[in-house]
Every structure is written in C-alpha cells, then in structure tokens.
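Colleague: Could you please take me through the aromatic pairs and the small sheet that goes with one of them? I would be grateful for each term to be explained as it arises.

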Amino acid sequence: MKIRTLQVFTLLLMILAANFSAFSQQKQPGLLFGVAYYDEYMPYDRLDKDVDMMKKAGINVVRIAESTWSTMEPQEGVYDFSHIDRVLNAMHKAGINVIIGTPTYAVPTWLVKKYPDVLAITSRGQNQYGARQNMDITNPHYLEHAEKAIRKLLEHVKDHPAIIGYQVDNETKSYGTSGPNVQQQFVAYMQKKFITLDSVNRAFGLDYWSNRINNWNDFPSVNGSINASLSAEFARFQRLLVTNFLSWQAGIVREYKKPAQFITQNFDLDWRGHSYGIQSEVDHFAAAQTLDIAGIDIYHPSQDRLTGAEISFGGDITRSMKGGKNYLVIETEAQGFPQWVPYPGQLRLQAFSHLASGANMVSYWHWHSIHNSAETYWKGLLSHDLEPNAPYEEAKTIGADFARLSDHLVNLQKKNEVAMLFSNEALTGFNSFPIGENYNGILRPMYDILYRMNVGVDFIDPSSKTLEDYKLIVVPVLYAAPDSLLRRLNRFIEKGGHVVFTFRSGFSDQYVKVRDVRQPGIISEACGVRYNQFTVPEHVSLKGDPFQVGKDKNYIEKWMELLEPVTAKVLAYYDHPAWGKYAAVTENTYGKGVATYIGCLPSQAITEKILEHAVKDAGLWGPDQALKFPLIVKSGTNRLGKKIHYYFNYSAQQQQLVYPYQTGTFLLTGKKITNNNTIELPAWGFEIVEEN
C-alpha cells in the first residue's frame, strides 16, 4: 500500500478491524505474563539459559523484533532473520508464546543516507540521526521501505506456531512532523474540510494580525502560528496522521495474520517523569478502532511513592478505548530507573493491580538490563549481571499465581457508573492559554481523588456512544467543544444524570473560538450560573470554610471565575474584599438531574469534598467508599460469572478492613471468608476474594 492510497483505505481498514477479526470475537484463553526480549542486545549467547529462567518464572509470552530494523535489514534489500528465528524456535520449544512487533519506529542508517528527507522536519528544524522516532511517518520513502520491511518479516514468520499476535510499530506519535510534505497534506485536508478559505478565516479569526489567508497556495506553515485555532486544527490533523499510520500498518498485518492471532499497539501516556495523563499527540479512541485489542505502556513511581494511581489510570483509559474490553499491559517496569527498584512485595502488588483494572497481560520492559546506549540505566527484570535477583524471585511467585488462578482472573468484566469525559481538542485548546497548570494537571488530580475514594471510573470522549449509560460524569476543563456535545451534556443532566464541570468548560467551540455569549455558554442552561469576568486569585479562600477542610487547606489558586447564580444554589463564595459577592462553586437542579460547577481551581481537599458530595448525591456511595487510600478496592465479574474483589494495601504499614460482601474464598490461599470478617493486609500486600 503506497502513501497515495493511505487515507483512501483508512475507513475500510477500520471497518475490517472492527468486524472481521476472529480474535476480537473471542476471549483470551488465559493470563499472559511476559517480558520484552532482545537476543541481539545480549553481550554473549545465553538464549537457552534465558529460556530456562523464563520457564522457572512462569513467563508464557515474550515480545520481540519491534526495535531492530537495522539488524533485520542491514542493507537495502538484504535481510537477516536469524536473530528472530532462533528466538521463535527456542520459545516455541519451551511453550512460550511470542508477540512480533513491526520494526518501524527506529530507522536504519542506510535509509537515512539514501533518503535524508525521511528525518522529520519539525518546528525546531530537521531531526538528526541517532534517536528513535525521528522520522516523518508520512514520508513516501519511509513508508515504501517500511512496508517492504513489514511484508518481508511477515512473509518469513507468518506460519510460525509460536506467534499469538502482532504489535504495529511502537508508542507511535506524530513526532512533531510538519515539513513541506506534511504541510501539503494539511492544506489538502483543510480544503476538504472547510471547502473555502472564507470559512477557514471566519472560523479561526485569521483577520487578526493580518493572518488572513486569501489563496490556498499562500497557506503558511503552522509552525510559527500565533493563532490557537489554527494550531489546534493542525494538532488534530497530526493525531489523524497517527491513526492513519496505525490503520495502514494494521491493514498490512491483517493480510498475513492467522484468524486466532491479534493485532495490538502499545500506546503510551503523557509523561511527567512517569506515565501521567492523556496523550496529547494521539487520539487513542480513534486509533484503537483498527486494533483487535488495545495495549498500553504504564510506568510509575515506586518504593515509598507507589500509590497504584498510574496503574489504575492507564488501565481505565485502555479498557475504555475498546468500550470496556480487556487489554494488554505491553510494557511496565520491573526495576526501571534506580529510584523505581521495588520494595519486597511491590512487584506482586503492581502485577495484580493491573489485573484488577481489567488487564489480561502484564509484560515487563524488559527481561535484561542493557549494557550500553540510551537506556543503560532503565533496568529490566534482570540486572546487568543477568543473574537471578530479588525481583526475579518475586516474579516467579507472580508467574505461578497467574497460571494457578488464570481461570478466575482472566477476562475480568467491569461495570462502572462514573465516567470522566476527556477531549484531545479541549486539551490542545486549554494548553494554548496557560494558567500555570496544563490540562492533565487538572484532570489527573481529579481522577486520583476518585481513585483514592475507591470510585470505579471509565473514560469517555466526545465520540463515545455510551455517555448516557453513566450516573455521574466528571468533566475537567472542557475548554473546546462543539455545541452538540454541550447540548448532549445538558440533556444527560435533564434526564437525571449528574455532572461536575470545572472552570473554563464550554468556553470555546471546537475550533478554539471563544463563544460570544455570557459564559459558560450553552451549559449555563443546566448549570444555572453565568459570568463574564475572571481573574487570578491571590490569597483567596472560600468564605466560612464551607467544605470544612481547615484553614491550611481552604484556598484556591491559579484561576477564578466571578460566578453569578441564576437558578443555581451557591455551595461556596469567595472570601475576598472585592470578589466576596461572587460564587465559587454552585449546584443546580436541572430537570431530573444535577449540575455542579467549580469556577476556580480549589485545593485538593476542597475538590475531594465536592466530588464526594457528587458521588453521594448520585446514589453511588457504597461499602467500598467506606475505605480510603492506602486501602484500594477493585472489583469485577470473572468469566465464571462470579464477583471478584481485590483489596490492596499501598503502604508500608499493616492495614485491616471489614469484608462487607457475601461469603467467598481467598483465591491466594483457598481459605473461606464470610460477611463482616476482618481482612488483614501486610505492608504492600493484597488479597483477592471470589464470592461463592
């Protein structure tokens, strides 16, 4: 498939992925416990020893080949599959499954020498050779040779019995590509979407600072744009490039794969030294539609900073990508950075935490620690001496328990009644006008509060068909949104739903053009509040400490809207000599439902009280919410039709709780438990109860 046909076939590929994959119609037969394995990186030949150690650890799947294009094709048209063959054969002999990755995210030297334009041109200039993911994913030369490499690999391995699935590319993003090739495609995209330049100029307000475009041939590069609407549209287009690219690769793989094999991708998240929030460069929900099963990379702090929040967040996002289907944790840490080396017991805690969110696979990046180059100190399960160590010994217990309990824990189905609405468009628009915190810095803390409150959460985006299925929707900074989405939220509330909006929601349309009505615009109808002034708070608290959090926690920061209630009840006023007459937090009954509007950025303690009130008001406060972090509860229904309850202790101190459900069995020990029995959890410990 050539670049000229890429966009033409995208829709077809997505339909094929959704409707004709045999794998998508069946459930995974058992839990997968795995590692990434790179035999070609090893300092000496130890494949047999590694396989033996993997078997002893209960490893039943390895992921290979995604990063070694230059090893597979050392010169153009010259192929060497020996490193792949020997691993496939060794794993098959040992009964270990293999996931093959297409090796397209790191380009070989000969390709760049022959076609220098393969390296992406970004807003900072052209990339240099050396790092991975430095290419233009729309470049015709790159795509031509990537397709050849993919096809040669798949033709070679397609009949190997060890292979259970394929990973397309690796942590794919647009990498900021914005050179002439991309610019040409963007202009064509704009012509198709807006038809006329008058429509573009009007929608984006391009008369400002003489940015008006009067001829399609004059359309400037967006790299230097000061117009947030135009920049946001280009960001949307770049996300589309990623969706198209993954659809294109999946289409090629689908020509070769067996009906029982799957196609996946290891999406990653926003990064703050670890996995953190919504990925700004990928439309995960759109891109996941071309896959049989969604995959995720989740990395998180460990030791005293281990909370499980990143594991839960990444899992909830990935499960939601495919409408609640189980997913694969394709990469997570065993040791990782030096500061991530786990305390005893934490590796087990982490592994089962992934399962509790609906994962069917936990796979470490990677088996061995690399002895040179960029990721020398990103350690694998084994340390640099490649010998058994404490994490490996702990992994052996995980592998044994995964195998023993697989029938009870695989394909866990979760039903949540709370959702968090996110939007890539809102993310881009909000981040275009900084307030000292970005989009994810608002969304993640709100998610973390619900997590610590033991409230199960799904994620929905503007494309979701299931919005109306929930009882409570939390909507952080929905800065950019079409009228249709805001009216849909109004109807949801009117029919009995509960929504918590934050400040700057509904502020601009889908093109980041600020609405020319009293804010918060369309949702004012449901929220019963309005404002036309906002400012930055300095030494502002809430009058009378209405949420009873104490003086030290009764504060707001970074943003405040001067709210005027129309029909809404005021939950909190600002405590300030000039702004004291204005509301900070309101609640409004609209139809059969309730809308809460938070017009400022309050302290975490205040936000927790607001969300707790909303959960209770929606009738969702139950026995799990009686427990608070560090006790975390996750639940679901297993494939045997039985209710499963995970109880985790994310602390270095022993914890206990009273079991509130019907008689069950501790899956780890086989002991019975009845209602009102006490469960003791050691430091960094957990229990799993299956109801009878």
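Modeller: The account below turns from the aromatic pairs to the sheet, and then to rings with a charge over them. The model is predicted, so local features need pLDDT of at least 70 and side-chain atom pairs count only at pLDDT 80 or more, while totals for chains, interfaces and linings use all residues. Residues are numbered from 1 along each chain as its sequence is written, and side-chain values use heavy atoms, with hydrogens and water left out.

A pair of aromatic rings is described by the distance of the centres and the angle of the planes. Rings of Phe, Tyr and Trp (its six-membered ring) pair if their centres lie within 6.5 Å; planes under 30 degrees apart count as stacked, over 60 as edge-to-face and the rest as tilted. By this rule there are 47 aromatic pairs. One of them is the stacked pair of Tyr299 and Trp340, with 6.2 Å from centre to centre and 10 degrees between the planes. This pair links distant parts of the chain, 41 residues apart: Tyr299 is in the loop between strand S9 (295-298) and helix H11 (309-321), and Trp340 is in the loop between strand S10 (327-332) and helix H12 (346-356). Helices (H or I, at least four residues) and strands (E, at least two) are DSSP runs, numbered from the N terminus. Tyr299 is buried at 4% relative accessibility, and Trp340 is buried at 3%. Buried means under 20% relative accessible area, exposed over 50%, and partly exposed in between (1.4 Å probe, protein chains only).

The rings of Phe534 and Trp559 are also stacked, because their centres are 4.8 Å apart and their planes lie at 25 degrees. Phe534 belongs to strand S17 and Trp559 to strand S19, 25 residues apart. Phe534 is partly exposed, at 39% relative accessible area, whereas Trp559 is buried, at 10%.

Both strands belong to an open sheet of 3 strands in the order S17-S19-S24, with antiparallel pairing. Its edge strands are S17 (534-535) and S24 (600-602), each of which pairs on one side only. Two strands pair if DSSP finds at least two bridges between them; S19 (residues 556-561) is joined to S24 by 3 bridges. Ile556 has Pro602 in S24 as its bridge partner.

Finally, Arg452 lies over the face of Phe629, at 4.1 Å from the ring centre, and Lys616 lies over the face of Trp621, at 4.8 Å. A charge sits over a ring if NZ of Lys or CZ of Arg is within 6 Å of the ring centre and within 35 degrees of the ring normal.
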